[in-house]
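Student: Hey, got a minute to go through a structure with me? I'd like to look at how the pieces fit together.

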Amino acid sequence: MAEKIIGVRITGRVQGVAYRAWTRDEALRRNLCGWVRNRPDGAVEAVFAGLEQDVDNMIDACGQGPWAARVDNVEIHEADSSDIPKSFEIRF
């Protein structure tokens, strides 16, 4: 199966609702590498790297988020493959 690296920007009520911790847990459950962080504009940004099916499943899950979140949009963009940690981390 092919490897995939993708970036996402999630908007809605996604800060202050444990979205980053949920994303880390979900990504690790799917054996993905990458990172997640809050953006100053109120969005959450993440990069996912791993098997294509697992990355696609994670992107779908980001459209739901944790129970307290309200996701309005998940924008997908190319990600810089040189900045991928060996696990999945929350960045500040």
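Student: Okay, tryptophan 35 first. Which residue is its bridge partner in E5?

Tutor: That's glutamate 89. Keep in mind that this is a predicted model.

Student: And in which sense do E2 and E5 pair, parallel or antiparallel?

Tutor: Parallel, over three bridges, with E5 covering residues 88-90. E2, which is residues 33-38, also pairs with E3, and there the sense is antiparallel over six bridges.

Student: Who sits across from whom between E2 and E3? Say, what's the bridge partner of valine 36?

Tutor: Valine 36 has alanine 46 in E3 as its partner. Asparagine 38 stands opposite valine 44, also in E3.

Student: What connects those two strands?

Tutor: E2 and E3 make a hairpin, with five residues between them. Glycine 42 is in that turn and has a positive phi of about 95 degrees.

Student: Zooming out, in what order do the strands of the sheet run?

Tutor: The order is E4-E1-E3-E2-E5, five strands in an open sheet with mixed pairing. E4 and E5 are at the edges with a single partner strand each, so each has one side without a neighbour in the sheet. From one strand to the next, the twist averages 20 degrees.

Student: Where do the helices go?

Tutor: Both H1 and H2 pack on the sheet. H1 touches E1, E2, E3, E4 and E5, and its direction makes about 175 degrees with that of E5. H2 touches E1, E3 and E4, and its direction is at about 155 degrees to that of E3.

Student: Which residues of H1 are buried?

Tutor: Tyr19, Trp22, Thr23, Glu26 and Ala27. They sit on the same side of H1, because they cover an arc of only 130 degrees around the axis. What covers them includes E1, E2, E3, H2, E4 and E5.

Student: And what comes after H1?

Tutor: Asparagine 31 follows the helix, and its phi is positive, near 60 degrees.

Student: Now the core. Which residues touch the most other members of the largest nonpolar core?

Tutor: Ile10, Tyr19, Phe48 and Met58, out of 22 residues. The elements that give two or more residues to this core are E1 (3-13), H1 (19-29), E3 (44-51) and H2 (52-62). H2 gives the largest share, five residues. As a general point, nonpolar side chains tend to be buried together in soluble globular proteins.

Student: What does methionine 58 touch, away from its sequence neighbours?

Tutor: Not counting residues up to four places away, Met58 touches Trp22, Thr23, Glu26, Ala27, Arg30, Leu32 and Phe48.

Student: What about isoleucine 59, is that buried or exposed?

Tutor: Buried, because its relative accessibility is 11% and the cut-off is under 20%. Isoleucine 59 is in H2, and beyond four places in sequence it touches Ile6, Val8, Val74 and Ile76.

Student: How far is isoleucine 59 from glutamate 75 in space?

Tutor: They're 9.5 Å apart, C-alpha to C-alpha, and 16 residues apart in sequence.

Student: Different thing: glutamate 45. Buried or exposed?

Tutor: Glutamate 45 counts as buried, because its relative accessibility is 13%. That residue is in strand E3.

Student: Huh, a glutamate. What's it in contact with?

Tutor: Leaving aside neighbours within four places in sequence, glutamate 45 contacts Val8, Trp35, Val36, Arg37, Arg39 and His77.

Student: Last one, cysteines. How many disulfides does the structure hold?

Tutor: Zero.

Student: Why no bond between cysteine 33 and cysteine 62?

Tutor: Because their sulfurs are 15 Å apart, which is too far for a bond. Cysteine 62 is the closest cysteine to cysteine 33, going by the sulfurs, and that also holds the other way round.

Student: Which of the two is buried, and which is partly exposed?

Tutor: Cysteine 62 is buried, with a relative accessible area of 0%. Cysteine 33 counts as partly exposed, at 22% relative accessibility.

Definitions and conventions
Residues numbered from 1 in each chain as written. Predicted model: local features only at pLDDT ≥ 70, side-chain atom pairs only at ≥ 80, totals over all residues. Heavy atoms only, no water. Core = buried A, V, L, I, M, F, W, Y, C linked by side-chain atoms within 4.5 Å. Buried < 20%, exposed > 50% of the residue type's maximum accessible area, 1.4 Å probe, protein only. Helix = DSSP H or I, 4+ residues; strand = E, 2+ residues; numbered from the N terminus. Contact = heavy atoms within 4.5 Å. Pairing = 2+ DSSP bridges. Disulfide = S-S within 2.5 Å. Arc of directions from axis to C-beta. Axes fitted to C-alpha atoms, helices over the stretch in contact; angles between N-to-C directions.
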